[in-house]
Amino acid sequence: LLARERQFAAVAAHQLRTPLAGLQLGLARAAKAADIEQARAVIGELSPATERTARIVQQLLALGRIDPEHRGDMNFVDCDLVAVAEDVGSTYADQALAKHVDLELAAVDRPVSARVVPDLIAEAIANLLDNALCYTPPGGRILVEVHAHPATIRVSDSGPGIAEDEREAVFDRFVRGRTARGDGSGLGLAIVREIAALHHAGVALTDSAWGGTSVTIEFAPAQRVDVRSS
């Protein structure tokens with residue numbers, strides 16, 4: 001437990017050091033601005049870095065929650081995956097609109113039930129959408145699907161895709177593929193896989209219908225999760 005805590009602290013420090021330094025420098029520039037308009041312009045430039053830092057913090061908190069030592073406190077409930085996907089998708093609608101990306105949800109017209117920790121499944125979907133929006137070019141497409149029998153969540157995009165020889169490695173923490181861009185943490189897919197494993201669900205990464213990436217989380221039928229054996 002102590003070793004894991006030390007590792008988590010080291011990871012958090014490493015992931016936050018660069019974006020926080022950037023925010024500090026930006027605020028210093030704003031403080032030295034010649035007038036209020038120039039200061040506002042500098043502060044406006046900090047918005048993406050602020051959002052990215054908040055996302056990293058959320059990912060680190062998710063990693064802390066799925067640590068084996070904390071799994072006994074998790075509350076698994078029967079949950080409608082369609083409703084979860086709708087809720088998460090709505091939080092990314094403005095971002096997709098601003099980037100001129102078509103974000104769609106395709107689901108059956110009835111609830112798709114699975115026994116899950118709802119906010120962890122929401123976090124998994126959020127990580128997949130975060131990745132998809134990062135790599136899908138303007139004018140592209142992202143599709144979130146929810147299917148029944150078995151319960152399945154799939155997020156597909158029209159981005160550059162992930163090479164077949166990298167598809168296992170990118171599920172490891174802090175690993176990013178050759179097409180990686182921006183200042184991502186390399187935690188998104190690792191969190192997705194760990195959340196799926198906690199639910200005894202399978203994860204598959206394949207090509208999408210548009211040549212991008214498609215990630216599928218498939219839940220075992222009528223699976224009752226015993227977190228003590230995870």
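Okay, let's start with Ser156: at 6% relative accessibility, Ser156 counts as buried. Ser156 lies in strand β5, and what does the side chain of Ser156 make a polar contact with? That would be the side chain of Ser214, at 2.9 Å. Leaving out residues up to four places away in sequence, Ser156 touches Arg141, Ile142, Leu143, Glu145, Ser208, Trp210, Thr213 and Ser214.

Before I go on, keep in mind that this is a predicted model. The protein chain has a mean pLDDT of 85, with 85% of its residues at 70 or more. One stretch to treat separately is residues 223–230, where the pLDDT is below 50. In the model, that stretch has 18 contacts beyond near neighbours in sequence.

Back to the strand. Asp157 also has its place in β5, and Asp157 is buried, with a relative accessible area of 8%. If you again skip residues up to four places away in sequence, Asp157 touches Ala132, Thr136, Arg141, Ile142, Ser208, Trp210, Gly212 and Thr213. You'll recognise some names here: Arg141, for one, is touched by Ser156 and by Asp157, and Trp210 likewise turns up for Ser156 and for Asp157.

Glu145, which came up as a contact of Ser156, brings us to the salt bridges. A search of the whole structure finds eight of them, and I'll walk through a few. Glu145 pairs with Arg154, and the closest N and O atoms are 3.8 Å apart. Is each partner buried or exposed? Arg154 counts as partly exposed, at 24% relative accessibility, while Glu145 counts as buried, at 15%.

Next up, Glu168 and Arg193. Their side chains meet in a salt bridge at 2.9 Å, N to O. Where do the two sit? Glu168 is in the loop between β5 (152–157) and α7 (188–198), and Arg193 is in helix α7, so this pair ties together parts that are 25 residues apart in sequence. Glu168 is exposed, with a relative accessible area of 54%, and Arg193 is partly exposed, at 28%. There's a third member too: salt bridges that share partners join Glu168, Asp172 and Arg193 into one network.

For a pair inside a helix, look at Glu37 and Arg40. They form a salt bridge, with the closest N and O atoms 3.2 Å apart. Why can they reach each other? Glu37 and Arg40 are three residues apart in helix α2 (residues 36–45), so about one helical turn separates them. An α-helix has 3.6 residues a turn, so residues three or four places apart point the same way. Arg40 itself is exposed, with a relative accessible area of 53%.

Last stop, helix α4, residues 81–91. Which residues of α4 are buried? Those are Leu81, Val82, Val84, Ala85, Val88 and Gly89. They sit on the same side of α4, because they cover an arc of only 160° around the axis. Turn to the other side of α4 and you find Asp87 and Thr91, which are exposed. And have a look at how α4 begins: Asp80 caps the N-terminal end, with a side-chain oxygen 3.0 Å from the backbone nitrogen of Val82. Val82, remember, is one of the buried residues of that helix.

That's my tour, thanks for listening.

Conventions. Residues are numbered from 1 along each chain as its sequence is written. This is a predicted model: local features need pLDDT of at least 70, side-chain atom pairs count only at pLDDT 80 or more; totals for chains, interfaces and linings use all residues. Side-chain values use heavy atoms; hydrogens and water are left out. pLDDT is the predictor's confidence in each residue, from 0 to 100. Contact means heavy atoms within 4.5 Å. Buried means under 20% relative accessible area, exposed over 50%, partly exposed in between (1.4 Å probe, protein chains only). Helices (H or I, at least four residues) and strands (E, at least two) are DSSP runs, numbered from the N terminus. The arc is that of the directions from the helix axis to the C-beta atoms. A polar contact is a pair of N or O atoms within 3.5 Å; within protein, one must be able to donate a hydrogen and the other to accept it, and residues adjacent in sequence count only if both atoms are side-chain atoms. A salt bridge is a side-chain nitrogen of Lys or Arg within 4 Å of a carboxyl oxygen of Asp or Glu.
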